[in-house]
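Colleague: I should like to learn how to read the local features of a model of this kind. Could we take them one at a time?

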Amino acid sequence: MKRLLASLLAAVLCAGALAGCGSSGSSSKADTSKAAAGASSSAGTETDTSTADAGDAETSKSAEAPAASSGVKEVDFMDSFLGGSGKNYLGMDLADLNADTGNGYDEAHATEFDKSFGQATYSLGEVDSILGGRAKFGGKLPVTITLFFDGDRIKKVLYKIEEGSVDSAAVCKSIAEVLKNGLPADYKGEYDYKSGGKDSARFANDVNGYVFEVKHFSLDDSGYPVHFTLESYKDKYGQ
């Protein structure tokens, strides 16, 4: 009897042990699968995060690095009037100017271009002088050139020198000095004339000549850009 009870007890214990082993093996297998899945998920997250970080870095880099300036190179429109050998483009077609500048003043290089309206504007970017380096600012300022047309014919050139860290009244004086000292003797100067206002200067000779004008011009009372224009006497006064 005792032997029978001992045998039954041994069988029960063995069955329990086998059941425990089976459970442990399943649990370990499940845990291993979970761990693998977790690792895969973690790897995927890290890859996604790295890609996102790279994208953010590229976006930030693009935002911090502005496009290169598209400013055109200044043509010395005053050279022929100041004793140089350059061409006088007033009265010529835009095609003549582009033929000499490698199409530097075509529509593709303009910030605004409307031949039907009769004008095209080009940016020089920030420069420290104009008129072939003759009129110096004492610092860099944003400058644009606007060409005005009669059909295809260039009838007026306007330089606009924007407000900046340099005294704009001094810029007016610098341009006026270049005109005073460089134009032929028959060009007479007027300064601070009524329609031009303070810091203005105008040089002209006769009806067959040209008019060169410097103005300290206020757009909206927030700043005083400098305007410098050159045009024929007849175009300016409609003769």
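Colleague: Let us start with a single residue: is Asp199 buried, partly exposed or exposed?

Modeller: Asp199 is partly exposed, because its relative accessible area is 22%. The classes are set by relative accessible area: buried is under 20%, exposed is over 50%, and partly exposed lies in between (1.4 Å probe, protein chains only). This is a predicted model, in which local features need pLDDT of at least 70 and side-chain atom pairs count only at pLDDT 80 or more, while totals for chains, interfaces and linings use all residues. Residues are numbered from 1 along each chain as its sequence is written, and side-chain values use heavy atoms, with hydrogens and water left out.

Colleague: Where does Asp199 lie, and what is its phi?

Modeller: Asp199 belongs to the loop between strand E5 (188-191) and strand E6 (201-204). Its phi is near 75 degrees, a positive value in a residue other than glycine. Asn103 is another non-glycine residue with a positive phi, of about 65 degrees. Asn103 sits in the loop between helix H2 (94-101) and strand E1 (112-114), and with a relative accessible area of 43% it is partly exposed.

Colleague: How many helices and strands does the protein chain contain?

Modeller: Elements are DSSP runs numbered from the N terminus: helices are H or I with at least four residues, strands are E with at least two. The protein chain has 4 helices and 8 strands, in the order α-α-β-β-β-β-α-β-β-β-β-α from the N terminus. Of its 239 residues, 30% are buried.

Colleague: How many bridges join E3 to E4?

Modeller: Two strands pair if DSSP finds at least two bridges between them. E3 and E4 run antiparallel and are joined by 8 bridges; within this pairing, Thr146 has Leu158 of E4 as its bridge partner. The hairpin of E3 and E4 has 2 residues between the strands, and Gly151 there takes a positive phi near 70 degrees. E4 also runs antiparallel to E8, with 6 bridges, and the partner of Lys160 in E8 is His227.

Colleague: Which residues have the most contacts inside the largest nonpolar core?

Modeller: A nonpolar core is a set of buried Ala, Val, Leu, Ile, Met, Phe, Trp, Tyr and Cys residues joined through side-chain atoms within 4.5 Å. The largest one has 45 residues, and Leu147, Tyr159 and Ile175 have the most contacts inside it. Elements giving two or more residues to this core include strand E2 (119-130), strand E3 (135-150), strand E4 (153-161) and helix H3 (168-182). E3 supplies the largest share, 7 residues.

Colleague: What does Ile175 touch?

Modeller: Contact means heavy atoms within 4.5 Å. Leaving aside residues up to four places away in sequence, Ile175 touches Ile130, Leu131, Ala135, Ile161, Val214, Val226 and Phe228. Ala135, in strand E3, is buried with a relative accessible area of 0%. Beyond four places in sequence, the contacts of Ala135 include Ser174, Ile175 and Val178. The C-alpha atoms of Ala135 and Val178 are 6.3 Å apart, although 43 residues separate them along the chain.

Colleague: How should one read a pair of aromatic rings?

Modeller: A pair of aromatic rings is described by the distance of the centres and the angle of the planes. Rings of Phe, Tyr and Trp (its six-membered ring) pair if their centres lie within 6.5 Å; planes under 30 degrees apart are stacked, over 60 edge-to-face, and the rest tilted. The count by this rule is 9 aromatic pairs. Tyr233 and Tyr237 form a tilted pair, because their ring centres are 4.8 Å apart and their planes are at 55 degrees. Both lie in helix H4 (residues 233-237), 4 residues apart, about one turn of the helix. Phe77, Tyr89, Tyr105 and Tyr122 form one aromatic cluster.

Colleague: Which ring does Lys236 lie over?

Modeller: A charge sits over a ring if NZ of Lys or CZ of Arg is within 6 Å of the ring centre and within 35 degrees of the ring normal. Lys236 lies over the face of Tyr237, at 5.7 Å from the ring centre, and Lys115 over that of Phe149, at 5.2 Å.
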